[in-house]
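Please show me this protein and walk me through how its parts fit together.

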Amino acid sequence: ERAVTEEVKRAGNQVAFVFDASNNVRFPGITNAPRIQEVKDAIDRLSKASLFDDELDWLTFIALGDNAVPRVIGPELDAPWEDYDYQAIWNSVILYEPAQGAAITPLNDLIRFSVQQFGDPDLPRFQQRHIVVFSDGTDIVSVLESEQVVGLANDQNIRIHTVQLGNAGQGPERTLKQLSSLTGGSYVSLASPEAIDTVGDAIAATTEQKVLTYRSQLPTPGEV
């Protein structure tokens, strides 16, 4: 069958903002502002970039709760995702303060938890999926654990974009670059407020999808 009509439509995205917040997030980042403020400013910049459509896009904010356990921080609702009141997401980012005492946080556990949230039955199956991780890249895990997290993300067609906090050594930087490159995401070092625009552009590039319409030859056609 040949398509009768073909058009490009805005289909929306599903985006999880993920904050890997250890003790050092209160230290100065590359911009000299505290790293936690750099993260909040970066997400605020994305929120004001006309990137999200409150009739199409689904957002959530995930970080570490007590005892460094990953949890959904916003929206504070029964469901982990928000598809209309984005202000609830932005407020949860502004108000978030990490618990004291987490010297090294479980980055891969945090990403695994985030991937699991895309299994929510309320989410449309046709939309593109993104995780935006803000992290210093420090994590003590085996190569096998990292491969499992990448495999889970790829199985669900989730791009992981990694945002480096602070001046990283070769090991942490390599960790974040591998996470992004192996899942089709982007990597940036948060060296300026504008650096986050690279991630915003990557998300915006997947907003539109091609829609094809076919005319069925069946006497009783159904939905494909």
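Below, a student asks about the sheet and the aromatic rings.

This is a predicted model, where local features need pLDDT of at least 70, side-chain atom pairs count only at pLDDT 80 or more, and totals for chains, interfaces and linings use all residues. Residues are numbered from 1 along each chain as its sequence is written, and side-chain values use heavy atoms, with hydrogens and water left out.

Student: Which strands stand at the edges of the open sheet?
Tutor: Strands are DSSP runs (E, at least two residues), numbered from the N terminus like helices (H or I, at least four). Two strands pair if DSSP finds at least two bridges between them. The six strands have the order E4-E3-E2-E5-E6-E7, with mixed pairing. Two of them have a single partner strand each, so one side of each lacks a neighbour in the sheet: E4 (70–74) and E7 (187–189).

Student: What is the bridge partner of valine 15 in E3?
Tutor: Strand E2 covers residues 13–19 and runs parallel to E3. Five bridges join the two. In E3, valine 15 is bridged to leucine 59.

Student: How is the pair of phenylalanine 52 and tryptophan 90 classed?
Tutor: Rings of Phe, Tyr and Trp (its six-membered ring) pair if their centres lie within 6.5 Å; planes under 30 degrees apart are stacked, over 60 edge-to-face, the rest tilted. Here the centres are 6.2 Å apart and the planes at 40 degrees, so the pair is tilted.

Student: How far apart in sequence are the parts that this pair ties together?
Tutor: Phenylalanine 52 lies in the loop between helix H1 (35–47) and strand E3 (58–64). Tryptophan 90 lies in helix H2 (residues 86–95), so the pair ties together parts separated in sequence by 38 residues.
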